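Trainee: I should like to learn how to read a few features of this structure. Where should we begin?

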Amino acid sequence: MRFIISPAKKMKIDTDTFAPAGLPVYLERAAELLEWMRKKSLPEMKAVWKCSEKIAQEAYARLEKTELRRNLTPAFLSYEGIQYQYMAPAVFEDGQWDYVQEHVRILSGFYGILRPLDGVVPYRLEMQAKASEAGSLYAFWGRSLYEHLAAETDCIVNLASREYAVCVEKYLEKDMRYVTCVFGEEQGRTDAGNQDSAPVARPGQNSGRKEPVIQKGTLAKMARGEMVRFAAERGILTPEGLKDFNRLGYEYREEYSEKDRYVFCKRVSGDRD
């Protein structure tokens with residue numbers, strides 16, 4: 001079993017906690033992307049990054065100084081997004097590090113795929129960016145991310161955002177089990193008009209139908225991080241073991257779930273004893 005998760009935009013350098021255990025498997029392809037970005041002008045890269053002028057200037061200046069084999073930080077300690085904050089890898093115990101190194105993979109627009117202890121440098125490059133000679137990062141990476149996972153496992157648990165999950169989903173083969181975890185709230189108990197909310201449709205449903213579960217982006221990121229930590233603490237080896245997840249007020253809901261689609265809803269006070 002392998003979990004797939006998304007990276008985070010915000011990154012830091014930490015060369016003191018402990019050394020990386022290895023280098024990214026597609027490091028040479030990351031070097032290709034780095035060279036491609038270095039050849040672009042600041043305005044061109046600002047358009048790729050879709051960010052403010054200040055952030056673009058900082059990221060552009062960093063390109064020339066970037067060395068892919070020096071001053072590296074283990075990936076799990078480098079990313080600082082919400083999911084990683086709730087995962088809290090800095091306080092993992094030894095056995096938990098062993099677990100995530102074996103079972104968790106980060107999908108990255110720049111590195112392709114990462115193990116938690118692979119050494120990385122700060123970068124800015126989202127998977128949706130038009131940032132390669134191929135025209136898009138989806139085309140640049142093609143089947144390679146799925147094929148790497150398929151060589152490791154016959155079961156993938158999706159804890160990634162849609163932007164990253166599609167890199168794997170579009171290449172799924174029939175002998176690969178693919179389980180997606182959804183973290184939401186039942187309609188009527190959440191603000192469906194919130195821009196951070198999105199309806200969670202069952203596969204094959206009419207998109208015009210009102211869906212019973214709403215997923216909020218920020219809360220889902222928190223839950224995905226907690227799910228990884230939960231699995232590492234318990235040493236879970238099959239997707240079925242994830243149904244016991246009960247953190248941040250979530251519980252598995254059979255009535256909304258399907259064989260390979262696990263839906264967890266927020267408990268509402270007074271619903272259950």
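Mentor: Let us begin with the largest cavity, which holds about 80 Å³ of space. A cavity is a set of points on a 1 Å grid over the protein atoms alone where a 1.4 Å probe fits but cannot get out, and lining residues have an atom within 4 Å of a point. Grid points are joined across faces, edges and corners, and the volume is the space filled by probe spheres set on the points. The model is predicted: local features need pLDDT of at least 70, side-chain atom pairs count only at pLDDT 80 or more, and totals for chains, interfaces and linings use all residues. Residues are numbered from 1 along each chain as its sequence is written, and side-chain values use heavy atoms, with hydrogens and water left out.

Trainee: How many cavities of 30 Å³ or more does the count give?

Mentor: The count gives two.

Trainee: Which helix supplies the largest share of the lining of the largest cavity?

Mentor: Helices (H or I, at least four residues) and strands (E, at least two) are DSSP runs, numbered from the N terminus. Here α3 gives the largest share, three residues. Both α1 (27-38) and α3 (53-65) supply at least two residues each. Among the lining residues are Leu34, Trp49, Phe110 and Arg124.

Trainee: What is the make-up of that lining by class?

Mentor: Ala, Val, Leu, Ile, Met, Phe, Trp, Tyr, Cys and Pro count as nonpolar, Asp, Glu, Lys and Arg as charged, and the others, Gly among them, as polar. The lining of the largest cavity has eight nonpolar, one polar and two charged residues.

Trainee: How does one read the pairing of strand β7?

Mentor: Two strands pair if DSSP finds at least two bridges between them. Strand β6 (residues 155-159) runs parallel to β7, joined by four bridges, and Val157 stands opposite Val179. Strand β11 (residues 261-266) is also parallel to β7, over five bridges, with Val263 as the partner of Val182. Strand β9 (residues 213-216) is antiparallel to β7, with two bridges.

Trainee: Is β7 (residues 177-186) mostly covered or uncovered?

Mentor: Buried means under 20% relative accessible area (1.4 Å probe, protein chains only). Nine of the 10 residues of β7 are buried, and Cys181 has 3% relative accessibility.

Trainee: Why does Cys181 form no bond with Cys155?

Mentor: A disulfide is a pair of cysteine sulfur atoms within 2.5 Å. The closest cysteine sulfur to that of Cys181, in Cys155, is 10.0 Å away, too far for a bond. The whole structure has zero disulfides.

Methods: On a 1 Å grid over the protein atoms alone, a cavity is a set of points where a 1.4 Å probe fits but cannot get out, and a pocket is an open set with protein on both sides within 12 Å along at least five of seven lines; lining residues have an atom within 4 Å of a point. Buried means under 20% relative accessible area, exposed over 50%, partly exposed in between (1.4 Å probe, protein chains only).
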